[in-house]
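Here is a short tour of a single protein chain, meant to be read with the model open beside it. We will start with one small enclosed space and work outwards from there.

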Amino acid sequence: GDVGGSGAQGMNLAKIQRAKRYLAAFEVDLDMEDLWGVLDAKGMEELYNDIIAASTTPQGKMAVLDADKRMVHEVAGVKFVRYENMTAYDGTYITSAIWAKRGMHYGDFSPLETQVLPNPAKKYRLHPYMENWWGATRSEDKLVIKILNKIA
């Protein structure tokens, strides 16, 4: 979580640049790759505030922000999505990630299954049921960079 040597921090621009440095060290062509990142609401707010504070820098001017919703859609060539169920690394940090698109794969491995049957526990009233299984996984470890953000 520590980028500048000042102790553990939340999400900021320096962490994005560090993740891009790691990807480049693994010989990922940053000009050709589609980079993505995931943040929870707190990480999104921290990054938004860091961009606003650094709005005179090139990274701040190149950011795609939604000022009404206080969200960061893209900065420094990394597109961000928000996801609230990020894994708590321990009691101090929460995980986030930046990855090259070709390093992650989405799969819908069980199509939508639906059924409506009488339920004896509910006076034989119809009980609708739906189930769908999907997920994502990394295909190459070096294309996914884990980021730890300080929990305040």
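In this predicted model, α2 and β8 each give at least two residues to the lining of the largest cavity. The bigger giver is α2, which provides three residues, the most of any element. The full lining consists of Asp40, Lys42, Gly43, Glu46, Ile94, Asn149 and Lys150. The space inside the largest cavity is about 40 Å³, and the count of cavities of 30 Å³ or more comes to one. As general background, empty space left between atoms shows up when a probe the size of a water molecule is rolled over them.

**Around Gly10 and Asn12**

Several of those lining residues turn up again around Gly10, a residue of the segment before α1. Setting aside neighbours within four places in sequence, Gly10 is in contact with Lys15, Glu46, Asn149 and Lys150. Lys42 is 32 residues from Gly10 along the chain, and their C-alpha atoms are 8.4 Å apart. Is Gly10 buried or exposed? Gly10 is buried, because its relative accessibility of 18% falls under the 20% limit.

Asn12 also belongs to the segment before α1. With a relative accessible area of 10%, Asn12 is buried too. Which backbone nitrogens lie by a polar atom of the Asn12 side chain? One is that of Ala14, at 3.2 Å, and another is that of Lys15, at 2.9 Å.

**The chain as a whole**

Stepping back, the chain holds three helices and eight strands. Read from the N terminus, the order of elements is α-β-α-α-β-β-β-β-β-β-β. The chain has 152 residues, and 32% of them count as buried. If we take contacts between residues at least 6 apart in sequence, 68% of them join residues at least 24 apart. The accessible surface amounts to about 9800 Å², with 54% of it belonging to carbon and sulfur atoms.

**Nonpolar cores**

The largest nonpolar core has 23 residues, and those touching the most other members are Met11, Ile16, Leu47, Val72, Val75, Phe80 and Ile98. At least two residues of this core come from each of α1, β1, α2 (41-53), β3 (71-75), β4 (78-82), β5 (93-100) and β8 (144-150). Ile98 is a good place to look at this core from the inside. Beyond four places in sequence, the contacts of Ile98 include Ile16, Ala19, Leu23 and Trp36, along with Phe80, Val144 and Ile147. A separate core of six residues lies apart from the largest one, and among its members are Met86, Ala97, Trp99 and Val144.

**The largest pocket**

Next comes the largest pocket, with about 480 Å³ of space. Which of its 18 lining residues are closest to the centre? They are Met86, Ala97, Met104, Ala136 and Arg138. Met86 and Ala97 thus appear in this list as well as in the six-residue core. Two or more lining residues come from each of β5, β6 (104-119), β7 (125-138) and β8. The largest share is that of β7, with five residues.

**Three loop residues**

We finish with Phe26, Glu27 and Tyr124, whose places and accessibilities are listed here.

| Residue | Place | Relative accessibility |
|---|---|---|
| Phe26 | loop between α1 (13-25) and β1 (35-39) | 41%, partly exposed |
| Glu27 | loop between α1 and β1 | 73%, exposed |
| Tyr124 | loop between β6 and β7 | 58%, exposed |

Phe26 touches Lys142 and Ile145, when residues up to four places away in sequence are not counted. The C-alpha atoms of Phe26 and Leu143 are 7.9 Å apart in space, although the two residues are 117 apart in sequence. Phe26 counts as partly exposed because its 41% relative accessible area is neither under 20% nor over 50%.

The other two residues in the table invite a look at the backbone. In general, most residues other than glycine have a negative phi. Glu27 has a positive phi, near 60°. Tyr124, which is not a glycine either, also has a positive phi, of about 60°.

Conventions:
Residues are numbered from 1 along each chain as its sequence is written. This is a predicted model: local features need pLDDT of at least 70, side-chain atom pairs count only at pLDDT 80 or more; totals for chains, interfaces and linings use all residues. Side-chain values use heavy atoms; hydrogens and water are left out. Helices (H or I, at least four residues) and strands (E, at least two) are DSSP runs, numbered from the N terminus. Buried means under 20% relative accessible area, exposed over 50%, partly exposed in between (1.4 Å probe, protein chains only). Contact means heavy atoms within 4.5 Å. A polar contact is a pair of N or O atoms within 3.5 Å; within protein, one must be able to donate a hydrogen and the other to accept it, and residues adjacent in sequence count only if both atoms are side-chain atoms. Accessible areas come from the Shrake-Rupley method with a 1.4 Å probe; for residues, only the protein chains shown count as cover. A nonpolar core is a set of buried Ala, Val, Leu, Ile, Met, Phe, Trp, Tyr and Cys residues joined through side-chain atoms within 4.5 Å. On a 1 Å grid over the protein atoms alone, a cavity is a set of points where a 1.4 Å probe fits but cannot get out, and a pocket is an open set with protein on both sides within 12 Å along at least five of seven lines; lining residues have an atom within 4 Å of a point. Grid points are joined across faces, edges and corners, and a volume is the space filled by probe spheres set on the points.
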